[in-house]
Amino acid sequence: MKLSIRIRLILYMTVSSVLFAILLFGFNQFFAEKYYLYNKKHTLIETSQKLTELIGERNTQEELQDTQLLYQIKTLEKSIGGTIIIGAGNGEIYYPSETEHGLPVVGGKFPFDFMDGINKRPKEWERYSENAYFLVRTDPHYEIETLRFQVQMENGLKHLIWVPMEGIAETAALSNRVTAVLGLITILLTGACALIFSRRFTKPITEINKTARQMADLDFSQTLAISSSDELGELSYSINRLSYSLNQAITELNERNRQLEHDILYERSLDKMRKEFVSNVSHELKTPIFLIQGYAEGLKTNVATSNERKEFYCNVIMEESDKMNRLVRDLLDLSQLEAGFFTIQKEQINATFLVDSIIEKYQKRLKDLGVHLTKKMEENIFIEADAMRLEQVIANFLNNALTHLDEKKELRITLKKSGQRACFGIINSGRPIPEEEMEKIWTSFYKIDPARTREDGGSGLGLSIVKSILDAHDSKYGVNNREDGVEFWFEMSRKESD
């Protein structure tokens, strides 16, 4: 049977109080009398020590009749509610000096039970020390059980101190009755308090459970109105916050679901491009390695007999080695750029001079390709940039433009001022880039035409390197389809020359 938390709380509190009452009563029943007896023994020992100090070196009847001493001994008797007897070693009583409580007067025999002779010793006795004993005996005058402590003192005297056992038993019995009554009252009060407070305690839990069930059904309209400052109040506040946060999160998740699907498609396409890149790089490396190996073996086996053939073989090996070197260098550059392992070293440079020097390096290739180049650049445009990295950007733009020229083979380069910016552009007479490819061309490993041969261009890393460099310069850049071709451009902060 399923019990509610309220019923279990009542049961736990009631059972706990019952067990506590039983434990307390049992402890009192079995140990109270022993505890009182232990205290009485301790009291008798302390009284004996005080009595020994009071008597001191006195060991005759005359010495014990000192008025002040007798007053102090009687005070000790009253304080413990018992009786003290002092006598000589031969059993003659020195104190009390008159008949009291049925005791013999001075000159009577000392009522010691077993100071001499083991056969006289009672069954209920306990040795405290060599000359001191505890024993329980029935008083011969009143027929009551007494606890006695008798001591042989060093001065030759003996003393006996005894108290009634009846007081110990009565105290223990009274303690048992009081404990039983208090235990019963405790059980009743605990049960009543459990009935009253369990409802107040479980009511907010019931409300919290109801709200939690609604939250499980994705209904976040209900809020808790528990305003207490205890743990339940804090829990209520936390659940309200959780409800609000979950509602916000689920709303955002629903809104971003379409974006997530788009990102998944993008990641899949990126993974496809990476696989294509591995395939392309493998091909790019395999071909020059194969050619280098083949022509090197030809030189070794003297296949090329003439100097012209040997020079041809060497040129092929050098060209293929250069292609491998460029590919590996691009891979290292891209890795460092994307990992952030390089720093931009900005300085003031003449952008006009830099572009002219790069074009000069490409004159032979431009001539070989039959490219018609047009330049439109303003003089002495100074910018803040990393000269080496900026040269890499312009060179990659130029290589990309030459790779995708159409049959017109027209190329235009522009450099102009625009406010506090310097604008560079390179336009080739090529086929327009499809709109869906505009963002992808900056992605690593991406090629618009996956089927092009190794002679058609690079490995698809150039524009990725350009993007990383320009991002590090905080530059704007992009690509535009124009009526007369395709334009790649970027902007950088301009700095007036001193």
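The accessible surface of the protein chain comes to about 31200 Å², and carbon and sulfur atoms account for 54% of that area. These values, like everything that follows, come from a predicted model. Of the 498 residues in the protein chain, 36% are buried, and the chain contains 9 helices and 13 strands. When contacts in the protein chain between residues at least 6 apart in sequence are considered, 62% of them join residues at least 24 apart.

Within this framework, one element to follow is an open sheet of 6 strands, which pair in an antiparallel manner and are arranged in the order S2-S1-S6-S5-S4-S3. The edges of the sheet are formed by strand S2, residues 93-95, and strand S3, residues 125-129; each of them has a single partner strand, and therefore one side of each is left without a neighbour in the sheet. Passing from one strand to the next, the twist averages 25°.

At the S3 edge, the pairing can be followed in further detail. Strand S3 is joined by 4 bridges to strand S4, which spans residues 132-138, and the two strands run antiparallel. Trp125 is found opposite Leu135, a residue of S4.

Attention can then turn to the part of the sheet that contains S2. Helix H2, made up of residues 67-80, lies across strand S1 (83-87), S2 and strand S6 (158-164), and the helix runs at about 140° to S1. The edge strand S2, which has a single partner strand in the sheet, is thus among the strands that H2 lies across.

Conventions:
Residues are numbered from 1 along each chain as its sequence is written. This is a predicted model: local features need pLDDT of at least 70, side-chain atom pairs count only at pLDDT 80 or more; totals for chains, interfaces and linings use all residues. Side-chain values use heavy atoms; hydrogens and water are left out. Two strands pair if DSSP finds at least two bridges between them. Axes are lines fitted to C-alpha atoms, for helices over the stretch in contact, and angles run from 0 to 180 degrees between N-to-C directions. Contact means heavy atoms within 4.5 Å. Buried means under 20% relative accessible area, exposed over 50%, partly exposed in between (1.4 Å probe, protein chains only). Accessible areas come from the Shrake-Rupley method with a 1.4 Å probe; for residues, only the protein chains shown count as cover.
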